[in-house]
Amino acid sequence: MRDQDVSLVIGGDAGQGVESSGAGFSSALARAGYHIFSIADYRSRIRGGHNFYQIRAATRPVASHLDPPALLLALTAESVELHLESLAPDAAVLYDSSFRLDAGAVERSGRLAVPVPMNEIAMRHGSKVMMNTAALAAAASLLRFPLQRMEAVIRQNFARKGERVVEGNLAVARETYEQVRRSPAAARFRYRLPGLPGQPERMLLHGNHAFCLGAVAAGCRFVAAYPMTPATTILEWMTAHAEPLGIVTKHAEDELAAICMAIGAGFAGARALCSTSGGGFSLMTEALGLAGMTETPVVVVDVQRGGPSTGLPTRTEQADLLFVLHASQGDFPRFVLAPGDHVEAFETAMRAFNLAEKYQTPVVVLSDQFLASSLRTLDFGRLRRDAVPVERGKTRRPGEPPLPGERGPGGGQEDGPAAGRDGYLRFAFTPDGISPRVLPGDPEAVYGAPSDEHDEAGHITEEIDNRKRMMEKRMRKLETALAAGEMRGPRRVGPAEAEVTLLAWGSMLGPASEALVLLEREGVRANLLHWCDLWPFAGEAAERELRRVRRGVVVEQNYSGQFRRFLRMTTGYEAEGLVRRYDGRPLEPGEIARGVLKEVGAGVR
Amino acid sequence: MSVDQRAGAGRGDGRLPDGRHGPGRGLTARDYMTEQRPTWCPGCGDFGILAALREALLQEGIAPHEAVVVSGIGCGSKLPDYMRVNGFMTLHGRPLPVATGFRLANPAMRVIVVDGDGDAYGIGGNHWLHTCRRNPGLVHLVENNQIYALTKGQYSPTTEQGTRTTTSPEGSIERPVNPIRTALAAGATFVARGFAGEPKELARLIREALHHRGYALLDILQPCITYNKVNTYDWYAERIVRLESEGHDPSDFDAAWARAGEFGERIPVGVFYRTEEVPAYEERVPGLKRGPVVERPLDDLDEAAFEALERELV
């Protein structure tokens with residue numbers, strides 16, 4: 001079997017079903033045995049404006065979208081104008097014969113113009129709305145993709161609309177497929193996606209799916225959120241599965257309520273999640289400090305989009321990094337994790353709930369629109385629940401045996417004050433900063449948790465010595481976490497020794513990894529250091545790797561180079577170059593490779 | 001046991017269905033005491049509210065570990081620190097969502113919210129409106145002193161128009177919130193008003209609220225002897241009339257609406273409105289059908305169930 005790696009684009013107006021067509025074709029390709037990576041590019045509106053969907057199908061696992069596309073499936077004449085120049089030189093452009101289009105311009109550009117009477121065929125067997133079926137069948141035919149695979153998806157997608165609709169669509173698909181197959185253009189098109197027999201079944205999921213699976217695997221029992229793109233699908237998925245899984249989900253009146261509900265549930269002892277995007281996170285900042293001060297576990301996932309303010313609601317950015325690291329007044333411990341891909345999103349969700357409970361503090365997971373909504377295939381078994389077993393640390397439920405150090409003066413500390421109301425000190429000073437936590441409801445451990453500064457028993461106090469010791473106790477949890485090896489250093493992709501090192505975080509793992517291959521083709525030996533764990537920062541591990549970097553280029557999706565500044569702040573390391581994008585579209589491997597070459601210039605071969 | 005039973009939701013018949021609650025459990029007033037000394041001004045209305053809450057819990061036989069008091073920020077929100085009970089002193093305006101989250105995670109515990117007029121009707125007003133229509137099983141005690149006291153005397157959402165304060169030196173321009181009518185309009189299922197100067201009567205009202213099936217608002221007139229020289233103990237005492245003794249029928253919404261309009265020469269206290277027909281929010285949450293989520297082990301998702309979730313994505 002020949003190695004295949006083909007990208008195609010479906011372009012059209014919002015409301016034309018671009019995304020559902022794209023998802024449907026992705027699904028058909030995945031079931032035929034291809035590895036898929038798909039992204040949707042859509043606008044913040046229900047109808048109108050150009051949308052497109054880019055699918056990459058390959059015979060080996062792929063971690064990013066990749067330009068240039070070999071095929072454009074144009075549902076409007078406009079999409080031909082918009083995409084023509086970005087297509088591969090030998091690409092094909094499929095479009096409806098009725099479009100008023102300069103086919104000569106397509107041909108002059110070297111691309112193959114393939115007009116198909118899609119609309120006419122659709123009308124003949126049903127109605128205009130079946131044109132998308134015709135379009136997908138035309139694309140399948142051109143790619144020599146088996147018709148049966150398309151038929152199966154059509155049957156599944158239209159089943160609930162009745163047999164007549166299914167039959168109509170099947171007839172449309174068959175006729176279009178046949179017409180294109182017999183067309184002279186088909187013979188000239190060199191890209192092929194035949195069926196791949198013997199491939200295992202795979203999941204096709206987006207980053208929010210993966211995160212949700214990780215959350216439920218970790219025992220998440222409570223989700224509160226206010227709908228906000230691109231985080232909404234987390235609340236929707238959780239709600240759809242709430243009853244069978246026994247999870248409480250709450251669509252709150254606003255984000256302030258959402259995080260407060262999650263904190264209330266966390267205080268009660270449920271593993272609680274709050275999903276949002278940057279704007280919602282902005283509203284949550286005060287409550288983030290409440291969780292820090294009262295040592296209440298809570299996980300917040302910020303699925304970043306283009307900011308500031310309403311910004312680019314449906315698009316991607318990594319510009320909340322420095323905000324999330326510092327959000328809310330005062331000093332308090334927090335964890336910040338930024339998964340790089342779908343598998344890491346799954347694991348990070350599980351780790352986040354463990355860290356929140358073990359260290360009794362808020363955990364922020366930084367995802368973004370690119371990771372959250374890109375669809376990719378994964379083999380069964382890739383999402384390993386046993387990779388992160390559930391750990392609650394010094395937490396017990398009412399009725400369970402006392403935790404070590406839970407009883408006695410000072411929570412087991414000899415120099416502590418007299419024990420509180422019940423001989424139990426919720427905020428006991430401990431060497432590791434973590435106090436034994438009994439969930440509310442225990443007759444032997446009644447306590448208060450104030451957002452005011454408080455003593456070990458949980459009573460409000462402004463006493464000087466207590467304040468210092470309590471602040472130190474809370475902040476000590478970060479040192480404990482680092483010493484316990486909770487925080488991972490960078491993951492290295494590519495060779496140990498390289499001329500150029502790409503430095504990236506969060507969702508840029510896939511595109512930056514694939515850029516290494518392209519750089520290699522240009523004769524540049526490059527590797528990648530990728531960070532998921534950002535706070536507390538495993539500085540020693542980072543410095544160890546950074547010392548080996550000859551020429552470092554940060555790759556990230558924001559204007560000001562926030563991660564570059566973050567590296568300087570935490571390690572003193574000053575990256576030589578910066579490849580950035582802040583127009584809301586995800587960095588693509590070729591673009592990264594070109595950017596890196598430009599940054600390091602003639603210094604490399 | 002279903003959540004319905006566990007939740008201890010009242011049925012309006014004076015009976016608490018949860019067998020763990022109820023008088024005669026050997027509880028004494030001492031069980032609700034701490035050594036913590038209140039920082040309130042001598043004579044503050046909050047003392048009466050604290051006494052009434054302790055008394056109500058004792059009378060209902062709700063032990064300190066079976067309840068959680070969630071408070072906001074302000075003088076009165078320090079209340080949980082001054083009694084033996086689980087307490088969560090949260091943010092200004094946010095105790096209602098915190099309490100709702102707690103209740104939905106563990107409906108086996110009694111959840112009482114204590115905050116002020118600034119918390120509930122001002123900065124947290126949005127949460128209040130939505131809590132009214134949502135009807136979670138919360139008892140909400142609003143210490144309404146018609147002033148911002150902890151910040152030393154600014155006008156609040158319930159300050160009467162024309163009142164001079166540090167932020168309204170010429171007299172407040174705004175008309176005050178009518179909490180009773182607002183709650184009625186927002187769909188609250190138990191709406192009452194009490195007076196901090198009558199702790200015994202207030203304890204009785206709190207007990208009624210504890211028996212309510214869903215959200216119970218108890219607006220409490222609370223004299224602030226330091227920053228509110230208008231609405232004093234004497235001022236209230238001269239004006240208070242009892243809905244109960246005037247033959248008010250709390251099941252009559254229109255009558256409740258009419259009586260809620262009185263706030264001047266006559267200030268009605270007691271239960272304005274009550275209906276047990278509306279289920280508490282937590283009674284209808286699908287995710288709670290298997291019981292309080294805090295009581296389930298975290299790893300109860302078996303391999304087959306997890307794989308089924310993965311297979312949905314094929």
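Two rings of Phe, Tyr or Trp count as a pair if their centres lie within 6.5 Å. The model here is predicted.

Q: What makes A:W505, A:W531, A:W535, A:F537, A:F563 and A:F566 a cluster?
A: Ring pairs link these residues into one.

Q: How many aromatic pairs are there over all chains?
A: The count comes to 24.

Q: What makes A:F25 and A:F145 an edge-to-face pair?
A: The centres are 6.0 Å apart, and the cut-off is 6.5 Å, so they pair. The planes sit at 90°, and over 60 degrees counts as edge-to-face, so that name fits.

Q: Which parts of chain A does this pair link?
A: A:F25 is in helix α1 (residues 18-31), while A:F145 is in the loop between α5 (131-142) and α6 (147-158), 120 residues apart. Both A:F25 and A:F145 are buried.

Q: Why is the pair of B:F253 and B:Y273 called edge-to-face?
A: Because the planes are at 85°, and the cut-off is over 60 degrees. The ring centres lie 5.2 Å apart. The pair ties helix α9 (residues 253-260) of chain B, home of B:F253, to strand β8 (residues 267-274) with B:Y273.

Q: Why is B:F253 called partly exposed?
A: Its relative accessibility is 31%, and partly exposed runs between 20% and 50%, so the label holds. B:Y273 comes in at 13%; buried means under 20%, so B:Y273 is buried.

Q: How do you know that A:R190 is close enough to count as over the ring of A:Y191?
A: A:R190 lies over the face at 4.3 Å from the ring centre, and the distance limit is 6 Å.

Conventions
Residues numbered from 1 in each chain as written. Chains lettered and ligands numbered in written order. Predicted model: local features only at pLDDT ≥ 70, side-chain atom pairs only at ≥ 80, totals over all residues. Heavy atoms only, no water. Phe/Tyr/Trp six-rings, centres within 6.5 Å; stacked < 30°, edge-to-face > 60°. Helix = DSSP H or I, 4+ residues; strand = E, 2+ residues; numbered from the N terminus. Buried < 20%, exposed > 50% of the residue type's maximum accessible area, 1.4 Å probe, protein only. Lys NZ or Arg CZ within 6 Å of the ring centre and 35° of its normal.
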